Structure formats: structure tokens, C-alpha cells
Amino acid sequence: MSLFHRKKEVSLPTERLLPQHIGIIMDGNGRWAKRRGLPRQAGHGYGARVFRTITKYCEKIGIRYVTVYAFSTENWRRPQEEVDAIMNLLRDYLRESLRDFQKENIRTRFIGEREALAPDIRALIEEAESSTAHKTGMVLNIALNYGGRDELVHAMRSLAEEVKAGRLSPEEIDETRISDRLYTAGQPDPDMILRPSGEYRLSNFMIWQAAYSEYVFQDILWPDYRQKDLDAALEEYARRNRRFGGI
């Protein structure tokens, strides 16, 4: 039984110390498969199962927002066979969420540029979002064809159009206005960015929102990730002293 599930029976961590918003860089699928002599796309299949388990667990223990890095703007450079496999897994997930996730109190949102995605995937995304829009539980942001720099470019262009139209002056542009033009507008910034797989970088993930996030890196490939590993990351977060630039 998880410490975080049985909050009332332990003194640490407490519900107060849980992060509101977690960003997860799901990394290591390809390396996991390679170590087992499997094609890289097999690792993505196992990673997709872990994604479903961990996101449901986050909702159960009281996390309010989870943003997962599913496919970056740079991932198009991978072999076409691997890209196709990832997109097919996305199709399967979307169909499953429309069928089976309805019993979960999770609102699903997709962040990133959608135009490059296949029309059937865009249609499934819209259906998944509309069918969960009424839900009041955890918000699950799936970052798909997403890049932190690309997100900022979109935000700046949007503000520039407002200035060009005379509805906004350059002096009125501040951090709040920029945040309001991001894909995560209206949500709190991530308290914790979690990256398994032994890598120690953001890889263009939520670079604006993560300015004061706590980073937790774990040397575990994503397909091997379990609830106990998330518990360990949350315990590490609970021990941090977040000062936000103060004393």
C-alpha cells in the first residue's frame, strides 16, 4: 500500500506536501527495448502501459494536474517506423480513453501543435477532450508535438498580433500576459518535474513554466517505472525547501 494513498496513517508525506502539478518526461522506452533485443517501438508499447497506470495513480492520491511529455517537436526526426508506431499507440490510447476511461474522473487535454498530426488523430483528440470536459478530478495534459520554445513562439506571435491590432501596448506585456498565452493557461506551474531514465535535462519541456519547479531525476527507464518509484520521487519533493528566490 502506498504511503501517499494512506495519507491519514502516516506523518510524512502529508497531503499538504503533495505537489499540485507534476510534469513527467517519459524517457527510456527505446533503451529499455534495445537492452532486451526488441525493436524500439516495443519499448513504447510497454511505456504506454506504465503511463496509464501512473496517471491513474496520480489521480487516486490527489495530484491535481499532471503533464506528460508524449511526443516532442524534435521526435519527428526519429525513424519513420518508430514515429508510426508511436502514433498508432496514440490512436489506441485515444480509443481506449473514449471507451474505458469514462469511469475515471480525469479531464484530458492535449497541448502542442496539432496541425502536423493525422486528421483521424486530431478528430480523436477533440472527442477525448470534449467527452471529459465536464470532469472535476485531475487534469491530464498530454504534450503531443510539443516543444517549450515552440510554445513561447506561439505565445509571442499571439501577443504581437494584439499589439499590431492596437489592442495591447508593448508596455502591457508582462509575465502574466505571457503565461495566459501558453497551452497551460489557467493552470498552476508544475511544482515538480520528474524525469526517469538517468538523463539530467529538460529537453525543451515546459521551459517557461518550470522556472521554479523542483527537479527529480531517477535512474529508471520508463517501462520499468512503478508506483513505488513515484512515491520515492514525491518523498524527495516533500523534503525540499522551496524558497522561490527568497530566504
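Mentor: A salt bridge is a side-chain nitrogen of Lys or Arg within 4 Å of a carboxyl oxygen of Asp or Glu. The structure is a predicted model, in which local features need pLDDT of at least 70 and side-chain atom pairs count only at pLDDT 80 or more, while totals for chains, interfaces and linings use all residues. Residues are numbered from 1 along each chain as its sequence is written, and side-chain values use heavy atoms, with hydrogens and water left out.

Trainee: What makes Glu214 and Arg240 a salt bridge?

Mentor: Their closest N and O atoms are 2.8 Å apart, and this satisfies the definition because the distance lies within its limit. Glu214 belongs to strand S6 and Arg240 to the segment after helix H7 (227-239), so the pair ties together parts that are 26 residues apart in sequence. Here helices (H or I, at least four residues) and strands (E, at least two) are DSSP runs, numbered from the N terminus.

Trainee: Why is Glu214 called buried, and what is Arg240 called?

Mentor: Buried means under 20% relative accessible area, exposed over 50%, and partly exposed in between (1.4 Å probe, protein chains only). Glu214 has 15% relative accessibility and therefore counts as buried. Arg240, with 27%, is partly exposed.

Trainee: Which residues are linked with this pair in a network of salt bridges?

Mentor: The network comprises Asp191, Glu214, Glu236, Arg239, Arg240 and Arg242. Within helix H7, Arg239 and Glu236 are three residues apart, which means a separation of about one helical turn. Their side chains meet at 2.9 Å, N to O. Arg239 is exposed at 55%, whereas Glu236 is partly exposed at 26%.

Trainee: How do you know that Glu82 and Arg40 form a salt bridge?

Mentor: The N to O distance of this pair is 2.7 Å, so the definition is met. The pair links distant parts of the chain, with Glu82 in helix H3 (residues 80-99) and Arg40 in helix H2 (residues 40-61), 42 residues apart. At 3% relative accessible area Glu82 is buried, while Arg40 is partly exposed at 36%. In total, the structure holds 18 salt bridges.

Trainee: How do you know that strand S1 pairs with S2 and with S5?

Mentor: Two strands pair if DSSP finds at least two bridges between them. Five bridges join S1 (residues 21-25) to strand S2 (residues 65-72), and three join S1 to strand S5 (residues 192-195); both counts therefore meet the criterion. Both pairings are parallel. Ile25 stands opposite Tyr69 in S2, and Ile22 has Met192 as its bridge partner in S5. S5 is also joined to S6 by four bridges, again in parallel, with Arg195 opposite Phe217.

Trainee: What makes S1 a mostly covered strand, and which way do its residues point?

Mentor: Five of its five residues are buried. His21, Gly23 and Ile25 point one way, and Ile22 and Ile24 the other. In a regular strand the side chains alternate between the two faces of the sheet.

Trainee: Why is Asn145 called buried, and what is notable about its phi?

Mentor: Asn145 has a relative accessible area of 5%, and therefore counts as buried. Its phi is near 50°, a positive value in a residue other than glycine. Asn145 lies in strand S4 (residues 138-146).
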